[in-house]
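Reader: Could you walk me through how the aromatic rings sit together here? I'm new to this, so please go step by step.

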Amino acid sequence: MKTLLLALTLLAMNNDGYELKIESDSDKIDLSVSVYLTVELKVEKGKCAELPDLKERVSGFSLAEDYDEPEQECENGSILKVATWRLKPRVGANEYKIRPFAVADAFVTRPIVFRSPDPLPDAEGDMEIVARKVLPPLSLKLIASLLLVLAAFSLLIYSFVVLIRFMCRKLKEHRMSPIERAWLELALLLKKGLPGRGRYKDFYVELTMVLRRYIQRKYSIKAPNMTTEEFLREAKPSEQLKEFLEAADMVKFAGVEATPEMADEATEAARTYLKSDASEVKK
């Protein structure tokens, strides 16, 4: 309950053992301040009545709340019931009042009308036709955020370019003939420089896969998934290719230590096979 420091009696009525009093902290509306009402109902002993429900009886207020206090017994035995209401004025309302309500069967109250707020003063100055944008002040946090957004955008563009290049390369490779793809794969393998880094086993594995994939594309044999014995039995290759694959298996599986000269010889053997096989096809 809000204590009314300067209570103003708006309504006081009594009849047939009932006394009603309504007080407010002001009888004039201020749109920025709520109106607090205190409702007191004194009922003589033997009679019965409840505090009025003002929620359905107010006009011009958008909110109404009540704070009931415990009933008090007076010296003469009558019962005093007290409630405080908070009413929030609504902007633009035509009137602010509490409509009449009945108290038991004793009487009906008159309307309680509050004085309307003073009109707002007319606005002065020129109207701003074009709104001016206020930019946020420059700070380290703002600069870091902008740099982060720029980096993310750059990474997105770079990823898109890489994806486009990859798709174009794959499309170009798909359109190549088996011998063209074999020469391209051999060139990409030599660019890695595996023998110069001592990775002879990896070099021999990839070099043999270049030839196996070439044979798969050209003769429709699943060469990459076969062992050397299965491949030799299925593909029936030339004696030169057979010797090349068996020598490569010695490095890949038998633990033979390769040398730069052996890697060069293996590369030359692969080139010789591709050239001779391509020449046979043209004939």
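Author: Let's start with a definition: rings of Phe, Tyr and Trp (its six-membered ring) pair if their centres lie within 6.5 Å, and planes under 30 degrees apart count as stacked, over 60 as edge-to-face and the rest as tilted. This is a predicted model, where local features need pLDDT of at least 70, side-chain atom pairs count only at pLDDT 80 or more, and totals for chains, interfaces and linings use all residues. Residues are numbered from 1 along each chain as its sequence is written, and side-chain values use heavy atoms, with hydrogens and water left out.

Reader: What kind of pair do Phe61 and Tyr96 form?

Author: Their ring centres are 5.8 Å apart. The planes stand at 65°, so the pair is edge-to-face.

Reader: Is Tyr96 buried or exposed?

Author: Buried means under 20% relative accessible area, exposed over 50%, and partly exposed in between (1.4 Å probe, protein chains only). Tyr96 has a relative accessible area of 2%, so Tyr96 is buried.

Reader: How many residues apart in sequence are Phe61 and Phe114?

Author: These two also form an aromatic pair, with 5.8 Å centre to centre and 80° between the planes. Phe61 lies in strand E5 (strands are DSSP runs of E, at least two residues, and helices of H or I, at least four, numbered from the N terminus). Phe114 is in the loop between E11 and helix H1, so the pair ties together parts whose separation is 53 residues.

Reader: Which residues form one aromatic cluster?

Author: Phe61 pairs with Tyr96 and also with Phe114. The cluster is made of Phe61, Tyr96 and Phe114.
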